[in-house]
Amino acid sequence: MPLAVSIKKMIVKFDFPLKAYNTFGMDVLCARFIQLDAEEEIHELDKANVFDSPHYILGGGSNTLFTNHYNGTVIHPAFKGIDIMDEDAESILLRVAAGEEWSALTDYCREHHYYGLENLVGIPGLVGSSPVQNIGAYGVEVKDCIEKVEGYYTGNMQEFSLTAPQCQFGYRNSLFKNGLKGKAFITSVWFRLSKVPHFNLTYKALANAMAGVEPTLENIMDTVIGIRNSKLPDITKIGCAGSFFKNPVIPRAQYSELLEQFPDLVSYPIDEEYVKLAAGQLIEKAGWKGKRIGDAGIYPFQALVVVNYGNAKPEEISYVYQRVIFDVQQLFDIRLNPEVNIIA
């Protein structure tokens, strides 16, 4: 489809700068940019065959690294809404539009005292992206509260409504990053939240910070924000996409061998055969924590975070993360995998 074809009712721009639409602050262009302000506008995209040509659905851009100009259509969902679909004495079911800010949802939960997402406060991005990545922090993953995900299959515009088990959630993973990658447009996410106080303080750093503090919704949210601010950069000042790398999972036998050389390696048990290591510790031991090459580097307070200190180019960010992967593999024989979506 020629990019010059007009589409009714929507904001459509050409050779559009994406710097303000990705938290890395990559100064790249897309051939065409379409903002959807209403869910029904998706049908206009289908009529114009937008889904038949290269396209990328971009939420808040907080988990995306553009490594070059994007020669296709960027679709940005901006439709919002939080609706109560069901409620009883103990829980509430919310249907949240894909274009709603994640922070707006956690603020809503705080205001109405709905429990379940408090450990995930402070994560940038839009609600529609949360099940794709199965966002998680401080011992909680969003899958723990998702009841279902709604949207359209872009190949035939058939509606879908997938339950949490059908979404095949895993560690920073889901069906939307695998079998449905590039084939689905999420329009809303349904969350089942508790109206009864129920907290998860299993994460060590959070438990330590909450020691001696009454576990209330407000206190946990404030504590999580404090921990995040102490480790992660302010994305309004330093470009990044949060944790860039996944924590690797390795066989226990390999872990035992590594302990002989690195006795202080942090691990988290997965099952009888596998353990999860702390990628940040591996990166630090490989000498990258706080290292800077021009305006690209690794954040000094959290080695999982690749940063743009100002005017780093996509190729400079790419060089840093690829060198980190190489050096960690050379030292530990472990390959780190990016958590971030890398768009060529």
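Are F16 and F33 buried or exposed? Both residues are buried. The structure here is a predicted model, and this pair of phenylalanines makes a good starting point for a walk through it.

## Strands 1, 2 and 5

F16 sits in strand 1 (residues 11-17) and F33 in strand 2, so to speak on two arms of the chain that are 17 residues apart. Their rings form a stacked aromatic pair, with 4.3 Å from centre to centre and 25° between the planes. The two strands that carry them pair in the antiparallel sense over six bridges. Within that pairing, F14 stands opposite R32 in strand 2.

Strand 2 has another partner to look at: it pairs with strand 5 in the parallel sense, again over six bridges. Here F33 appears once more, standing opposite V74 in strand 5. Strand 2 is mostly covered, with seven of its eight residues buried. As a general reminder, strands of a sheet pair through backbone hydrogen bonds, either parallel or antiparallel.

## An open sheet with a helix packed on it

Further along the chain, four strands make an open sheet in the order 13-19-18-17, with antiparallel pairing. Strand 13 (239-240) and strand 17 (292-293) are the edge strands; each has a single partner, so one side of each is left without a neighbour in the sheet. Helix 8 (residues 314-332) packs on this sheet and touches strand 17, strand 18 and strand 19. The direction of helix 8 makes about 30° with that of strand 18.

Inside the sheet, strand 18 (residues 296-298) and strand 19 (residues 306-308) are joined over three bridges in the antiparallel sense. If you would like a spot to click on, try G297, whose bridge partner in strand 19 is V307.

## Two nonpolar cores

Which residues have the most contacts inside the largest nonpolar core? They are L18, F245, I283, V306, V324 and L336, in a core of 45 residues. Elements giving two or more residues to this core include strand 2 (29-36), strand 5 (70-77), helix 6 (252-261), helix 7 (279-285) and strand 18. Helix 8 provides the largest share, seven residues.

F245 is worth a closer look. Leaving aside neighbours within four places in sequence, F245 is in contact with a list of residues that includes A279, I283, L304, V306, Y321, V324, I325 and L336. A second, separate core holds 42 residues, among them V127, A164, C167 and M210.

## Aromatic rings and charges

How many aromatic pairs does a search of the whole structure find? The search gives 16. Besides the stacked pair of F16 and F33, there is a tilted pair made by F262 and F332, at 4.7 Å centre to centre and with 45° between the planes. F262 lies in the loop between helix 6 and strand 15 while F332 belongs to helix 8, so the pair ties together parts that are 70 residues apart in sequence. F262 and F332 are both buried.

Ring pairs also link F24, F244, F245 and Y321 into a cluster. In this cluster you meet F245 and Y321 again, two residues that are also in contact with each other.

Two lysines sit over aromatic rings. K148 lies over the face of W190, at 4.0 Å from the ring centre. The charged end of K291 is placed over the ring of W288, 4.4 Å from its centre.

## Two individual positions

Is A48 buried or exposed? A48, in the loop between helix 1 (42-47) and strand 3 (55-57), has 14% relative accessibility and therefore counts as buried, the cut-off being under 20%. Its C-alpha atom is separated by 26 Å from that of N68, 20 residues apart along the chain.

P269, in strand 15 (residues 267-269), has 64% relative accessibility and counts as exposed because the cut-off is over 50%. P269 and V249 are 20 residues apart in sequence, with 9.4 Å between their C-alpha atoms. Leaving aside neighbours within four places in sequence, P269 is in contact with R252, Y274 and V275.

Terms used
Residues are numbered from 1 along each chain as its sequence is written. This is a predicted model: local features need pLDDT of at least 70, side-chain atom pairs count only at pLDDT 80 or more; totals for chains, interfaces and linings use all residues. Side-chain values use heavy atoms; hydrogens and water are left out. Buried means under 20% relative accessible area, exposed over 50%, partly exposed in between (1.4 Å probe, protein chains only). Contact means heavy atoms within 4.5 Å. Two strands pair if DSSP finds at least two bridges between them. Axes are lines fitted to C-alpha atoms, for helices over the stretch in contact, and angles run from 0 to 180 degrees between N-to-C directions. A nonpolar core is a set of buried Ala, Val, Leu, Ile, Met, Phe, Trp, Tyr and Cys residues joined through side-chain atoms within 4.5 Å. Rings of Phe, Tyr and Trp (its six-membered ring) pair if their centres lie within 6.5 Å; planes under 30 degrees apart count as stacked, over 60 as edge-to-face and the rest as tilted. A charge sits over a ring if NZ of Lys or CZ of Arg is within 6 Å of the ring centre and within 35 degrees of the ring normal.
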